[in-house]
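This briefing is meant to be read alongside the sequence and the coordinates. It moves from a helix and the turn that follows it, through further helices and the ligand site, to individual residues.

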Amino acid sequence: MTAASAITAVHRRSVVLRARPHGEPRASDFSVVEDAVPVPAAGEVVTRTIFLSLDPYMRGRLSDRKSYATPVQIGETMTGETVGEVIASGDPGFAPGDIVSGARGWQTHTLSKAASLAKVARDAAPLSTYLGVLGMPGTTAYSGMTDIGQAKAGETVVISAASGAVGSVAGQIAKRAGARVVGVAGGPEKCLFVQETLGFDDCVDHRAMDLRAALAAACPNGIDVYFENVGGAVQAAVFPLLNPFARVVMCGMVAQYNEQEFPPGPNLGFVVAKRVKIQGLIVSDNAARFAEWRTLAAPWVKDGSLVYREDIVDGLENAAEALTGMLRGRNFGKQLVRVGPDTL
Ligand SMILES: NC(=O)c1ccc[n+]([C@@H]2O[C@H](COP(=O)([O-])OP(=O)(O)OC[C@H]3O[C@@H](n4cnc5c(N)ncnc54)[C@H](OP(=O)(O)O)[C@@H]3O)[C@@H](O)[C@H]2O)c1
């Protein structure tokens, strides 16, 4: 049997966008469709998905609001990074059995241009880490801290969504620089993890009463670097505590992603008075950081000095509900979907 006839014997499942959500996305905004596994033409590669990454930016792709990236269209397969195994290749650079990252889609099997894929070593690190601590979220934390935050020894750094994929790494990078690091997370269990397991100096529960007072008590010398992941009430509590010449890494504002209307903006007069630097970040702007971070961080993952936590749901059909859960803070660590087994 040829490779092509072997793979057309299998069906693939894809999650497509059925309707644009208003507010929180629901499972009924998506549907699962089946077709034949594609056969690669020259320069194309077919992978079977092992892990699919779920990320907060996906909420933006569900909306047709103008943004830095094109939204997913109705009827189109949801976008998302995957790690998978090559099962058929029309490109001499890839062979069945290779493990690759870079294929995109909420799908059991993905057809990609070979040029968009990168091989990853099966045994160098757990395959899931290429989507989390060693992948896009880890690189985001590294870029934000390196290019904007620039935490120094003795400074106070505050990280929101501190137990999450980006925040957990951002805080550990700031600790390595010698800063005092305070996390903000939702609930006592996440706060305990941030302090005890990730090694942050303190962690404030944003769901507890009087966030402002708790944060002020945790930051007696004010805040020199704020790594912004959530916006909303947490941002409102952080901004008055910023020190002169503080840096704010505007990485994301997940608390607002389901909002239909943008809330009234903050009063930014303090930015002038305190000469605060506030800068936005899109991780893909500096592509070189991805390889740089992976080279730097892979040994730390291996020796256990860079701690990461993953929250893995099984089955592509559960991806939509897991995305909704993540936007509510139900995930505890990097949210992934196991679509297929590591090895067949
Ligand atoms: N700029 C870029 O290039 C870039 C790249 C990657 C990620 N990001 C951004 O980085 C941020 C973190 O992403 P991630 O992948 O690491 O996600 P994550 O932290 O693993 O998961 C999202 C977390 O956000 C918190 N959250 C959700 N709703 C909230 C609310 N209303 N108030 C406060 N916290 C809330 C929850 O944590 P708690 O339970 O602790 O509240 C939830 O677990 C997001 O804003 C994302 O868009 C930006």
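**Helix H3 and the residue that follows**

Directly after H3, Gln 150 adopts a positive phi of about 45°. The model is a predicted one, and the points below are grouped by element and by site.

- Gln 150 belongs to the loop between H3 and S8, and its positive phi, near 45°, occurs in a residue other than glycine.
- Because its relative accessibility is 42%, between the limits of 20% for buried and 50% for exposed, Gln 150 counts as partly exposed.
- H3 itself is largely enclosed by the rest of the structure, since 12 of its 14 residues are buried.
- The buried set in H3 includes Met 136, Pro 137, Gly 138, Thr 139 and Thr 140 towards the start of the listed residues, together with Tyr 142, Met 145, Ile 148 and Gly 149.

**Helix H4**

- With 12 residues at 1.5 Å a residue, H4 should span 16 Å, and the 17 Å between its end C-alpha atoms agrees with that expectation.
- H4 is mostly covered, nine of its 12 residues being buried; these are Val 166, Gly 167, Ser 168, Val 169, Ala 170, Gly 171, Gln 172, Ile 173 and Ala 174.
- The cover over the buried residues of H4 includes helices H3 and H9 as well as strand S8 (156-160), strand S9 (180-185) and strand S11 (223-228).
- Just after H4, Gly 178 takes a positive phi of about 95°.

**Helix H9**

- The 16 residues of H9 (residues 288-303) should span 22 Å at 1.5 Å a residue, and its end C-alpha atoms, 24 Å apart, agree with this.
- H9 nevertheless bends by about 35° at Ala 297, with a proline, Pro 299, following within four residues.
- Ala 297 is also one of the buried residues of H9, alongside Arg 289, Trp 293, Trp 300 and Val 301.
- Among the elements that cover these buried residues are helix H3 (136-149) and helix H4 (165-176).
- Just after H9, Gly 304 has a positive phi of about 80°.

**The ligand site**

- The ligand is surrounded by 28 residues, of which Lys 190, His 206, Leu 281, Val 283 and Asn 331 come nearest.
- H3, H4 and helix H10 (319-327) each contribute at least two residues to the shell around the ligand.
- Val 283 also offers a polar backbone atom that lies 2.7 Å from an oxygen atom of the ligand.
- A polar backbone atom of Asn 229 is 2.8 Å from an oxygen atom of the ligand, and a backbone N or O atom of Gly 186 likewise lies 2.8 Å from an oxygen atom of the ligand.
- Taken alone, the ligand would expose 910 Å², and the protein buries 91% of that area.

**Arg 12 in strand S1**

- Arg 12 lies in strand S1 (residues 11-17) and has a relative accessible area of 12%; as the limit for buried is under 20%, Arg 12 counts as buried.
- Leaving out residues up to four places away in sequence, Arg 12 touches one stretch that comprises Val 33, Glu 34, Asp 35, Ala 36, Val 37 and Pro 38, and another that comprises Gln 107, Thr 108, His 109, Thr 110 and Leu 111.
- Within the second stretch, the backbone oxygen of His 109 is reached by the side chain of Arg 12 at 3.2 Å.
- Arg 12 and Leu 296 are 284 residues apart in sequence, and their C-alpha atoms lie 37 Å apart in space.

**Val 45 in strand S3**

- Val 45 is found in strand S3 (residues 44-53) and, with a relative accessible area of 0%, it is buried.
- Not counting neighbours within four places in sequence, the contacts of Val 45 include Pro 40, Val 86, Ala 88, Phe 94, Leu 111, Ala 114 and Leu 117, as well as the residues Ser 89, Asp 91, Thr 110 and Ser 112.
- Val 45 and Pro 299 are 254 residues apart along the chain, and 30 Å separates their C-alpha atoms.

**A further positive phi**

- Phe 245, in strand S12 (residues 242-250), has a phi near 65°, which is a positive value in a residue other than glycine.

Technical notes: Residues are numbered from 1 along each chain as its sequence is written. This is a predicted model: local features need pLDDT of at least 70, side-chain atom pairs count only at pLDDT 80 or more; totals for chains, interfaces and linings use all residues. Side-chain values use heavy atoms; hydrogens and water are left out. The expected span of a helix is 1.5 Å times one less than its number of residues. The bend at a residue is the angle between axes fitted to the seven residues ending there and the seven starting there. Buried means under 20% relative accessible area, exposed over 50%, partly exposed in between (1.4 Å probe, protein chains only). Contact means heavy atoms within 4.5 Å. A residue is near a molecule or strand if one of its heavy atoms lies within 4 Å of it. A polar contact is a pair of N or O atoms within 3.5 Å; within protein, one must be able to donate a hydrogen and the other to accept it, and residues adjacent in sequence count only if both atoms are side-chain atoms. Accessible areas come from the Shrake-Rupley method with a 1.4 Å probe; for residues, only the protein chains shown count as cover.
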